[in-house]
Amino acid sequence: MKKIKQKTRKGVAKRYKITATGKVLRRHQNMRHLRSNKSKRAKRKYRQHVQVTGKFARKIKRMLGLA
C-alpha cells in the first residue's frame with residue numbers, strides 16, 4: 001500500500017525560512033510602505049529576520065512537512 005505524500009504549503013514556504021538548527025525565521029513587519037517617516041535606524045532593524053517562537057513555529061513546521 002502506497003503512503004500519501006504530504007504537500008508543502010507554498011505560501012508558507014515563501015514567507016518563512018528554517019535554519020539548520022531548526023529555528024523558524026520571518027521577515028520583519030513595517031517595511032512595505034510609509035517608510036519616509038521612519039528613521040534610518042528603524043529601517044535597518046526591519047531588514048533583519050525575526051525568530052518565530054512557540055506554538056506558531058510548530059504550526060509553520062507542520063505546514064512545511066518538517067514536524
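**A short walk through a predicted model**

At 57% relative accessibility, Leu34 counts as exposed, and I would like to begin there, with the reminder that what we have in front of us is a predicted model. Leu34 sits in the loop that runs between strand E2 and helix H2, and its backbone deserves a remark, since phi of Leu34 is near 55 degrees, a positive value in a residue other than glycine.

Which other residue of that loop should we look at? Asn30 also lies in the loop between E2 and helix H2, the helix that covers 40–47. Phi of Asn30 is near 70 degrees, and here too the value is positive in a residue other than glycine. As for its surroundings, Asn30 has a relative accessible area of 37%, and because buried means under 20% and exposed means over 50%, with partly exposed in between, Asn30 is described as partly exposed.

Let me now move to another loop, the one between strand E1, residues 16–18, and strand E2, residues 24–26, where we find Thr19. With a relative accessible area of 22%, Thr19 is partly exposed. Which side chain does that of Thr19 meet in a polar contact of 3.2 Å? The partner is Thr21, whose side chain is joined to that of Thr19 by this contact. If we look further along the chain, Thr19 and Thr53 are 34 residues apart, and their C-alpha atoms are separated by 13 Å.

Next, please turn to helix H3, which spans residues 54–63 and contains Ile60. Is Ile60 buried or exposed? Ile60 counts as buried, because its relative accessibility is 1% and the cut-off for buried is under 20%. Ile60 can also be placed with respect to Tyr16, for the two are 44 residues apart in sequence, while the distance between them in space, taken from C-alpha to C-alpha, is 8.0 Å.

Finally, I would like to turn to charge on the surface. Which residues form the positive surface patch? The patch is made up of Arg9, Lys55, Arg58, Lys59 and Arg62. Of these, let me pick out Arg9, which belongs to the segment before helix H1, the helix at residues 10–15. Arg9 has a relative accessible area of 53% and is therefore exposed, given that the cut-off for exposed is over 50%.

To gather up the main points, we have looked at two loop residues with positive phi, Asn30 and Leu34, at the contact between the side chains of Thr19 and Thr21, at the buried Ile60, and at the positive surface patch that includes Arg9.

Methods: Residues numbered from 1 in each chain as written. Predicted model: local features only at pLDDT ≥ 70, side-chain atom pairs only at ≥ 80, totals over all residues. Heavy atoms only, no water. Patch = residues over 30% accessible without salt bridge, like charges linked within 9 Å, V, L, I, M, F, W, Y side chains within 5 Å. Areas by Shrake-Rupley, 256 points an atom, 1.4 Å probe, with all protein chains shown as cover. Salt bridge = Lys/Arg side-chain N within 4 Å of Asp/Glu carboxyl O. Lys, Arg positive; Asp, Glu negative; His and termini not counted. Charge placed at Lys NZ, Arg CZ, Asp CG, Glu CD. Helix = DSSP H or I, 4+ residues; strand = E, 2+ residues; numbered from the N terminus. Buried < 20%, exposed > 50% of the residue type's maximum accessible area, 1.4 Å probe, protein only. Polar contact = N/O pair within 3.5 Å; in protein donor to acceptor, adjacent residues only side chain to side chain.
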